Amino acid sequence: MKNFVMLILGIVIGALAMYFYCCQPTTELTITAPKGLISPDQAKTLDQAYNVRHRLISDSLVKREGGDNRSSWYGLDEVRNYLNYAENKAKERGYTMDGVRIYLGAHPPENGVAGYTTMFFVPTGKPNKASASMFNFSMQSNGGDIPGGEGLDYGNHGYPPDANYPQ
């Protein structure tokens, strides 16, 4: 009889432990707006201010039918995968990744036709090294480009490539 009571008590304690382990409500992730958000109207203003430069580049330098590229699109999975990959590679190189820098670039000409403008990501960070001082005299709030850090390019261009915001 004593063994039967211990068995029932063990089952009840096990069931309670499983309930608290598996069935607790998940904590909600707090989502905060990042610094630097701009409104759609501000985006339109920035896009329109670029028109003069885009015409100059398209008419004087690129000279390709339809003009030069104005945007790059990257899928969420690609960006998330890249950020995880770049952060792991930064750790391997002895850096703490703190962000990405986005550069403007251009693909090389092919068959005498100028390549499209592109935007590419490069990881930034700071070296992991012990500091002998209690005070940080660094004036730079973010890290520089991580030496040897691989960038991300080859997003999709706009449709058509010279389309303004919004598409």
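Let's start with strand β3, residues 117–127, which is mostly covered: eight of its 11 residues are buried. Please keep in mind that this is a predicted model.

So where does β3 sit? The sheet is open and has three strands, in the order β2-β3-β4, with antiparallel pairing. The edge strands are β2, covering 95–106, and β4, covering 144–145, and each of them pairs on one side only. As you all know, strands of a sheet pair through backbone hydrogen bonds, either parallel or antiparallel.

How many bridges join β2 to β3? There are 11 of them, and the two strands run antiparallel. On the other side, β3 and β4 also pair in the antiparallel sense, over two bridges.

If you'd like one residue to click on, take T124. In β3, T124 is the bridge partner of G99, and T124 also stands opposite D145 in β4. From there, look for the helix: α4 packs on the sheet, where it touches both β2 and β3. The direction of α4 makes about 120 degrees with that of β2.

Staying with α4, let's move to the cavity. The count comes to one cavity of 30 Å³ or more, and about 60 Å³ of space lies in the largest cavity. Which helix gives the most to its lining? That's α4, residues 76–92, with four residues. The full lining consists of Y85, A86, K89, A90, R93, P123, I146, G149 and E150. In terms of character, those lining residues divide into five nonpolar, one polar and three charged. So have a look at K89, R93 and E150 while you're there, since they are part of that lining.

My last stop is D47, which you'll find in helix α2, residues 40–49. Is D47 buried or exposed? D47 has a relative accessible area of 13%, and because the cut-off for buried is under 20%, D47 counts as buried. What does D47 touch? Leaving out residues up to four places away in sequence, D47 touches R70, N164 and Y165. There is also a nice long-range pair here: D47 and P166 are 119 residues apart along the chain, and their C-alpha atoms are separated by 9.0 Å.

To recap, we have a mostly covered β3 in an open sheet ordered β2-β3-β4, helix α4 packing on that sheet and giving four residues to the cavity lining, and a buried D47 in α2. Thanks, everyone, and I'm happy to rotate the model if you want another look!

Terms used:
Residues numbered from 1 in each chain as written. Predicted model: local features only at pLDDT ≥ 70, side-chain atom pairs only at ≥ 80, totals over all residues. Heavy atoms only, no water. 1 Å grid on protein atoms, 1.4 Å probe; cavity = no way out; pocket = protein on both sides within 12 Å on 5 of 7 lines; lining within 4 Å. Points joined across faces, edges and corners; volume = space filled by probe spheres on them. Nonpolar A, V, L, I, M, F, W, Y, C, P; charged D, E, K, R; others polar. Pairing = 2+ DSSP bridges. Contact = heavy atoms within 4.5 Å. Axes fitted to C-alpha atoms, helices over the stretch in contact; angles between N-to-C directions. Buried < 20%, exposed > 50% of the residue type's maximum accessible area, 1.4 Å probe, protein only.
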